[in-house]
Amino acid sequence: MQKILNYINGAFQEPTKGEWIDNYNPSKGEVYSLIPNSSSEDVEQAYQAAKAAYPSWSNTTIEYRSEILSKIAAIIKDNLSDLAYTESLDNGKPLSLATKIDIPRASSNFQFFANAITQFSSESHESVGLNAFNFTLRQSIGVVGCISPWNLPLYLFTWKIAPALAAGNTVVAKPSEVTPMTAYLLGEICTKAGLPKGVLNIVHGLGHTTGQAIVEHPNIKAISFTGGTATGAHIARTAAPMFKKLSLELGGKNPNLIFADCEYDKMMAVTLKSSFANQGQICLCGSRIFVEKSIYKQFKTDFVKHVTALKVGSPFEGDTNVGALVSKPHMEKVQSYIKIAEDEGGTVLCGGNQVQVDGHENGYYLEPTVIEVADDKCRVNQEEIFGPVVTIMPFETEEEALALANGVRYGLSSTIWTNNLNRTMKLAKQLEAGIVWVNTWLLRDLRTPFGGMKDSGVGREGGLEALRFFTEAKNICIKFD
Ligand code: TXE
């Protein structure tokens with residue numbers, strides 16, 4: 001069986017304790033590789049390699065770093081089909097999605113920060129009347145930690161690593177133990193691109209051991225994390241006494257507010273995607289759909305018709321819309337919410353069942369599911385399910401829509417469907433979310449800030465925000481007579 005290895009100091013190595021974890025192909029429910037169950041000793045080795053590489057990497061020119069990151073971007077692009085296949089195999093997502101979205105975005109992440117670092121500037125201020133000039137340096141932090149989840153494996157892994165490296169830091173990174181494969185391949189790509197050894201170190205393993213060792217390490221000065229809200233809170237508690245810089249991108253329970261004056265067909269097509277893309281396993285998915293009462297009945301009929309027509313199947317078939325969920329425990333968690341919804345008086349309008357896919361009988365497939373809820377405070381409408389399950393509910397007024405949208409502990413993204421500009425502006429201002437989309441969903445410009453309010457996290461990624469996170473600001477004040 002294939003063994004994935006840790007990438008430390010530019011070389012691949014087995015975990016020091018020789019312990020391994022099974023890695024599953026979710027489309028078949030089979031173990032197909034083994035990954036290191038790394039201990040704190042492996043994390044320490046990765047840290048030592050990153051520490052040794054730091055003085056030299058942080059002193060390279062911006063142009064040099066930019067060139068290396070561009071090369072990594074180019075090699076990812078050159079290997080698009082292999083990487084996309086690997087991502088689908090490891091995660092269960094449709095190959096078409098990995099080919100169109102995940103892997104191109106991983107390449108763009110490197111290219112974007114290769115360019116952005118050349119434009120990254122800081123402030124200067126003259127203290128008029130006090131005879132002083134101030135200028136601010138943006139200095140790299142040192143060794144930083146990047147921890148990423150399983151839903152968009154290479155996409156989110158590189159979204160952290162690229163700005164960290166661009167800003168001159170060296171990195172100890174851990175991908176999710178559920179989807180380690182493309183991160184493993186990234187090591188080889190970085191070596192090919194000429195990234196000096198030790199600048200990026202990739203350690204595989206479980207969250208509460210390997211991940212915890214990264215967060216607990218006293219000399220890893222910043223942690224960029226994407227994952228569940230409970231894990232984020234735990235990381236914050238662990239890191240706080242050491243005053244580490246933290247960027248936490250956590251869960252979402254994002255509202256879709258659909259008004260009667262919207263462009264109906266466009267809204268319907270995009271709402272299907274925002275509900276079920278990547279099997280609903282995107283923190284930005286619009287899992288709560290609120291529809292203006294005058295079009296609610298029509299919406300319900302049409303939406304259910306379209307959802308029922310979605311093809312659940314092997315990730316490798318071209319016409320598959322919904323692939324496999326990432327793991328058995330995750331599928332069981334999602335299924336448990338369908339039961340909870342029924343117990344709480346919700347109505348399953350379609351879906352709700354496991355699907356047997358020919359040739360993939362043990363895979364983790366679930367029908368896309370639409371639940372009509374009467375009370376927005378029910379658990380299925382309040383808790384992040386992170387699967388192919390959405391709730392729908394009518395509203396009558398703009399005020400009611402706003403209250404429903406904001407009535408959860410999360411605040412990641414919101415989508416508004418309307419052609420009324422005045423309403424758009426009022427709602428966009430009052431929605432408690434880090435990202436508001438109007439008449440679209442998931443349109444991302446990498447220069448814009450990305451992140452959530454409330455229990456969806458702390459800090460912002462993207463563009464200058466990411467470069468600011470991965471640097472320390474130092475102000476220098478010079479007095480003259
Ligand atoms: O995430 P975890 P899981 C949500 C979603 C999902 C739930 C749990 O609701 O059902 O979280 O998923 C590492 N110290 N999201 O269990 O545990 C872990 O190894 C350091 C939303 O996969 O948060 C992995 O690399 N690291 C989300 C990463 O953290 C730790 C995407 C995420 O794992 C750690 C994924 C620890 N103590 C899940 N414990 C989103 N919003 O994008 C775990 N890890």
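A helix here is a DSSP run of H or I covering at least four residues, and helices are numbered from the N terminus. Keep that in mind for the views below, which come from a predicted model.

**View 1. K328 and E332 pair up within helix α11.** These two residues sit four apart in α11 (residues 328-343), so about one helical turn separates them. Their side chains form a salt bridge, with the closest N and O atoms 3.6 Å apart. That fits the 4 Å cut-off used for a salt bridge. How buried or exposed are the two partners? K328 is partly exposed, at 45% relative accessibility, and E332 is partly exposed too, at 41%.

**View 2. Four charged residues share partners.** Elsewhere in the model, D261, E398, R423 and K426 are tied into one network by salt bridges that have partners in common. For context, the whole structure holds 18 salt bridges.

**View 3. E461 reaches K160 across the chain.** The salt bridge between E461 and K160 has its closest N and O atoms 2.9 Å apart. Where do the two residues sit? E461 is in the loop between β22 (457-458) and α15 (463-469), while K160 belongs to helix α5 (residues 153-166). They are 301 residues apart, so this pair links distant parts of the chain. With a relative accessible area of 0%, K160 is buried; E461, at 5%, counts as buried as well. The cut-off for buried is under 20%.

**View 4. K311 and E317 meet in a salt bridge.** The N-to-O distance for this pair is 2.6 Å. K311 is partly exposed, with 23% relative accessible area, and E317 is partly exposed with 41%. As a general point, oppositely charged side chains can pair when their charged atoms come close.

**View 5. Helix α3 and its surroundings.** Does the helix have the expected or an unexpected span? Twelve residues (80-91) at 1.5 Å each should give 16 Å, and the end C-alpha atoms are indeed 16 Å apart, so the two values agree. The expected figure is 1.5 Å times one less than the number of residues. Buried residues of α3 are L83, A84, T86, E87, S88, L89, D90 and N91. What do they pack against? Their neighbours are strands β4 (20-25) and β5 (30-36), along with helices α2 (62-78), α4 (95-116), α5 and α6 (181-193). After α3 comes G92, with a positive phi near 95°.

Technical notes: Residues are numbered from 1 along each chain as its sequence is written. This is a predicted model: local features need pLDDT of at least 70, side-chain atom pairs count only at pLDDT 80 or more; totals for chains, interfaces and linings use all residues. Side-chain values use heavy atoms; hydrogens and water are left out. Buried means under 20% relative accessible area, exposed over 50%, partly exposed in between (1.4 Å probe, protein chains only). Contact means heavy atoms within 4.5 Å.
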